[in-house]
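Please open the structure in your viewer and keep the selection tool at hand. Each stop of this tour suggests what to select next and then says what is there.

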Amino acid sequence: TAIVGKSGCGKSSLLKMCNGLSRPDSGKVILFGQAIDYGKLPVIRERIGYALQGTGLFPHLTIRDNITLLANIKKWSAEDISQRLDQLLALMQLQTSQLAQYPYELSGGQQQRVGLCRAMMLKPEILLLDEPFAAIDPLTRMDIHNQLLLLHQSEPITTVLVTHDMQEALLLADQIVVMDSGKIIHHVSKNRLLEDYSTVEPNQLLLSLMSGAVI
């Protein structure tokens, strides 16, 4: 599912509620079939991968240590860590030689791939992506989009993507949620949009939806 809308409409706030970083003023957040227990957030978050704009990598840790941080905290065996690390490097097209480097030594696109590897390390059941590709150049973004699609083919996972780019949403998501002023104004399948608005440019489509287009 992709959540789209203009800056400040509540996209990131909604995503943060999914892993307990923010709490709703009223109502409940239902996760894994039950209301979030805010006293057990560390345990809950082990089942959730989270990647955001700017990657959030620890600058003082090597790429290896950034990716494997949670697995080490969970006391995975060295063999299991190595096997999972190899899988992720292959999926994200990162080189083994880069594991000894630090984040500042990698390009923005490479750092973003490392962030995705870290988010996927524990084989989470849900992947939350908060505009993770917004700060990288268009060609690199296209390449990472392709890698993410390959990742989904290899390891299908429920994913919630926050983006302001309707073209990105239509490429990566099956369901589209449009927000405005803290409210969901549309929730529709990508296929429905592509059928009904096939001749409309993606970001013009977003403007139309936010202005009250009927679906």
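Which residues lie nearest the centre of the largest pocket, and how many residues line it? This is a predicted model, and in it Arg45, Ile48, Gly49, Tyr50 and Leu70 are the ones nearest the centre of that pocket, whose lining is made up of 20 residues.

**First stop: the largest pocket**

Select those five residues and look at the space beside them, which belongs to a pocket of about 470 Å³. Rolling a probe the size of a water molecule over the atoms shows where empty space is left. Next, colour α2 (41–45), β4 (48–52), α3 (63–73) and α5 (108–120), since each of these elements supplies at least two residues of the pocket lining. The element that gives the most to this lining is β4, with four residues. If you colour the lining by class, you should find 13 nonpolar, three polar and four charged residues.

**Second stop: the sheet**

Stay with β4 and extend the selection to the open sheet, in which six strands follow the order β4-β5-β6-β1-β7-β8 with mixed pairing. At the edges are β4 and β8 (183–189), each of which pairs on one side only. When direction is ignored, neighbouring strands of this sheet are turned by 15° against each other on average. Strands of a sheet pair through backbone hydrogen bonds, either parallel or antiparallel.

Now follow the sheet from strand to strand, beginning with β4 and β5, which pair in the parallel sense over five bridges. Select Tyr50, which was among the residues nearest the pocket centre, and you will find that its bridge partner in β5 is Leu128. The next pair, β5 and β6, also runs parallel and is joined by five bridges, with Leu129 standing opposite Leu161 in β6. Strand β6 (residues 158–162) in turn pairs with strand β1 (residues 2–4) in the parallel sense over two bridges, and here Ile3 has Val162 as its bridge partner in β6.

**Third stop: inside strand β5**

Is strand β5 buried or exposed? Select residues 126–130 and show their side chains: five of the five residues are buried, so this strand is largely enclosed by the rest of the structure. Ile126, Leu128 and Asp130 point one way from β5, while Leu127 and Leu129 point the other way, and all of them are buried.

**Fourth stop: the cysteines**

How many disulfides are there? A disulfide is a covalent bond between the sulfur atoms of two cysteines. Here the count is zero. Select Cys9 and Cys18 together to see why Cys9 has no such bond: the closest cysteine sulfur to that of Cys9 is the one in Cys18, and at 14 Å it is too far away. Cys9 counts as buried, with 2% relative accessibility, and Cys117 is buried as well, with a relative accessible area of 1%.

**Last stop: two loop residues**

Finish with Lys75, which you will find in the loop between α3 and α4 (78–92). Although Lys75 is not a glycine, it has a positive phi of about 60°, and its relative accessible area of 73% makes it exposed. Then move to Ser181, in the loop between β7 (175–180) and β8. Ser181 is not a glycine either, yet its phi is positive, at about 55°, and with a relative accessible area of 60% this serine is exposed.

Key
Residues numbered from 1 in each chain as written. Predicted model: local features only at pLDDT ≥ 70, side-chain atom pairs only at ≥ 80, totals over all residues. Heavy atoms only, no water. 1 Å grid on protein atoms, 1.4 Å probe; cavity = no way out; pocket = protein on both sides within 12 Å on 5 of 7 lines; lining within 4 Å. Points joined across faces, edges and corners; volume = space filled by probe spheres on them. Nonpolar A, V, L, I, M, F, W, Y, C, P; charged D, E, K, R; others polar. Disulfide = S-S within 2.5 Å. Buried < 20%, exposed > 50% of the residue type's maximum accessible area, 1.4 Å probe, protein only. Pairing = 2+ DSSP bridges. Axes fitted to C-alpha atoms, helices over the stretch in contact; angles between N-to-C directions.
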